[in-house]
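Visitor: I have this one open on my screen and would like to talk through how the strands pair and where the rings sit. Can we start with the strands?

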Amino acid sequence: MADDLIMPKVAWYKRKLVWVIVLLLVVAGGGAAWWLMPASQNVEAEPVVDNQALYVGLPRPFIFSVPAGRRERLVQVELQLMVRGLADETRAKQHLPLLESVLLTVLSRQSADNYLSADGKQAVRQEALNELNRVLTEELGAPLIEKVLFTGIVMQ
């Protein structure tokens, strides 16, 4: 009985005709969608501005002595510099020896009292930021550093 069931064959040209009609409908639908697409979507995207805050860590802490009354005190300071964008981070890392030299000069000319109070630390950070950006402006034509961050201060 199963042998008696035979599917009738469709002529080859009818199968190809169905495929041609389906293909034409797909192409016409895609063309119509492209033609009717609003013009606002065709506008080029504006370039993305890299404004991400990145931190440049200095490889070693600064160790120096500062005057404290009649004697000297030894200070160890760890710093990080905040910059905006990968380009500024790369340029800051490229000029790291210059930045370390400027920071050591600024930090070592302070008194011990500046490292003991919050206002004194803020004044040191601001002076370091101003000096770094002054030197970088002379070197590169633009300031790079947005903030100077103390990550550790030890005084003996």
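Visitor: Which residue is the bridge partner of alanine 68 in β3?

Guide: The partner of alanine 68 in β3 is arginine 71, and I should say early that this is a predicted model. Strands β2 (residues 62–68) and β3 run antiparallel and are joined by seven bridges, and together they form a hairpin with two residues between them.

Visitor: What about phi for glycine 69 in the turn?

Guide: Glycine 69 has a positive phi of about 75 degrees.

Visitor: And how many bridges join β1 to β3?

Guide: Five bridges join strand β1 (residues 53–57) to strand β3 (residues 71–84), and the two run antiparallel; within this pairing, leucine 54 stands opposite valine 83. Strand β3 also pairs with strand β4 (residues 147–155), in the antiparallel sense and over eight bridges, with leucine 79 opposite phenylalanine 150 in β4.

Visitor: Changing topic, how many aromatic pairs does a search of the whole structure find?

Guide: The search finds one aromatic pair. Its rings belong to phenylalanine 64 and tyrosine 115, with centres 6.1 Å apart and planes at 55 degrees, so the pair is tilted.

Visitor: Where do phenylalanine 64 and tyrosine 115 lie?

Guide: Phenylalanine 64 lies in strand β2 and tyrosine 115 in the loop between α3 (96–108) and α4 (118–140), so the pair ties together parts that are 51 residues apart in sequence.

Visitor: Is phenylalanine 64 buried or exposed, and what about tyrosine 115?

Guide: Phenylalanine 64 counts as buried because its relative accessibility is 6%, and tyrosine 115, at 3%, counts as buried too.

Key: Residues numbered from 1 in each chain as written. Predicted model: local features only at pLDDT ≥ 70, side-chain atom pairs only at ≥ 80, totals over all residues. Heavy atoms only, no water. Pairing = 2+ DSSP bridges. Helix = DSSP H or I, 4+ residues; strand = E, 2+ residues; numbered from the N terminus. Phe/Tyr/Trp six-rings, centres within 6.5 Å; stacked < 30°, edge-to-face > 60°. Buried < 20%, exposed > 50% of the residue type's maximum accessible area, 1.4 Å probe, protein only.
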